[in-house]
Amino acid sequence: MELIEHPPILRVPHIPDQVLYMWIVMAVLVVVAVVATRRLQLVPSGTQNVMEVILEQFVKELDETIGHDGRRYLPLIATLGLFILTSNLMGLVPGLVAPTANLNTTAACALIVFFTYHWIGARKQGVIPYLKHFAGPVPTLLKPLMFVIEIISHCARPLSLSLRLFGNMMAGHILLAIFFFMMGLDGMLGWALSGSLGGILIGAPATLIMIVFVVGFLLPLKILVALIQTFIFCKLAMLYIAAAVEEAEHH
């Protein structure tokens with residue numbers, strides 16, 4: 001990646017890039033939250049209106065997935081969703097780093113979901129009864145086998161959550177980096193500015209075509225992927241919580 005990508009515009013010695021930009025994302029979200037709630041109005045406008053629309057979508061999904069009681073998990077789901085979405089979108093800005101394009105960040109988010117939904121299930125049902133449900137409604141002889149299979153299945157969930165988000169963000173980041181490299185002074189634009197006949201006849205049109213392609217197609221596609229991946233992560237987190245709650249209620 002270092003061959004085709006310039007280093008981030010902001011770096012602090014001894015602090016990994018993904019950690020630094022994760023702090024920036026958190027600072028941005030804190031500022032937005034302060035601005036949105038500073039002067040609450042009955043008829044919202046501006047930032048308050050935007051944030052209310054976004055939070056209403058989270059509430060709607062929680063109602064559909066878990067039920068009305070799922071609203072108690074709004075702080076967890078909305079915080080994860082806003083953090084992941086802002087991190088994803090940050091990767092679209094040249095010179096910035098998407099924290100979610102690093103496996104450590106996505107794994108941390110996935111582990112939060114993993115431990116939280118197990119804690120919810122264990123708290124509702126009790127630790128031992130909650131562990132028993134992993135054996136499932138099968139004959140007694142098959143319960144040990146089913147228990148092991150279920151444990152493996154649950155352990156694979158954070159792996160799936162983290163790798164899916166990381167893979168999509170990293171792939172998009174590499175694709176954008178390749179196009180920026182090809183369009184830049186080391187690529188077609190530099191060739192066109194060299195004043196050679198080939199640069200004027202081929203480099204300049206190629207640069208223009210790539211700019212149109214990136215702005216008109218690639219960036220909108222990346223924004224769509226950022227939204228979809230945020231939705232998938234939050235939806236799966238809701239489904240895991242819903243499954244833990246339902247299993248607890250069945251017992």
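His14 is exposed, with a relative accessibility of 84%. This residue of the predicted model sits in the segment before α1. Its backbone is also notable. Most residues other than glycine have a negative phi. His14 is not a glycine, yet its phi is positive, at about 70 degrees.

The overall fold is considered next. The protein contains 8 helices and 0 strands. From the N terminus on, its elements therefore read α-α-α-α-α-α-α-α. The radius of gyration is 23 Å, well over the 18 Å that the globule rule gives for 251 residues, so the protein is more spread out than a compact globule. The C-alpha trace spans about 80 × 55 × 35 Å along its principal axes. Of the 251 residues, 36% are buried. Contacts also reach across the sequence. Among those between residues at least 6 apart, 67% join residues at least 24 apart.

Charged pairs were examined next. Side chains of opposite charge can pair when their charged atoms come close. The structure holds 3 salt bridges.

One of them links Arg11 and Asp17 through their side chains, with an N to O distance of 3.0 Å. The two partners differ in their surroundings. Arg11 counts as exposed, because its relative accessibility of 51% is over the 50% cut-off. Asp17 has a relative accessible area of 18%, under the 20% limit, and so is buried.

Another salt bridge joins the side chains of Lys235 and Glu61, at 2.8 Å from N to O. Lys235 belongs to helix α8, which covers residues 197–250, while Glu61 belongs to helix α2, so this pair ties together parts that are 174 residues apart in sequence. Glu61 is buried, at 17% relative accessible area.

Arg71 and Asp63 also form a salt bridge, and their closest N and O atoms are 2.8 Å apart. Here Arg71 is partly exposed, with a relative accessible area of 38%. Asp63 is partly exposed as well, with a value of 26%.

Empty space in the model was then surveyed. Rolling a probe the size of a water molecule over the atoms shows where such space is left. The second largest pocket has a volume of about 490 Å³. It is lined by 25 residues, and the closest to its centre are Leu29, Thr79, Leu80, Leu82 and Phe83. Four helices each give two or more residues to this lining: α1 (17–37), α2 (46–65), α3 (74–90) and α4 (103–125). The most comes from α1, which supplies 10 residues. In character, the lining of the second largest pocket divides into 18 nonpolar residues, 6 polar residues and 1 charged residue.

Several of these features share elements. Helix α2 is among the contributors to the pocket lining, and the same helix holds Glu61, the partner of Lys235 in a salt bridge. Helix α1, which gives the most to the lining, spans residues 17–37. The segment before α1 holds His14, the residue with the positive phi.

Notes. Residues numbered from 1 in each chain as written. Heavy atoms only, no water. 1 Å grid on protein atoms, 1.4 Å probe; cavity = no way out; pocket = protein on both sides within 12 Å on 5 of 7 lines; lining within 4 Å. Points joined across faces, edges and corners; volume = space filled by probe spheres on them. Nonpolar A, V, L, I, M, F, W, Y, C, P; charged D, E, K, R; others polar. Salt bridge = Lys/Arg side-chain N within 4 Å of Asp/Glu carboxyl O. Buried < 20%, exposed > 50% of the residue type's maximum accessible area, 1.4 Å probe, protein only. Rg over C-alpha atoms; globule rule 2.2 N^0.38 Å. Contact = heavy atoms within 4.5 Å.
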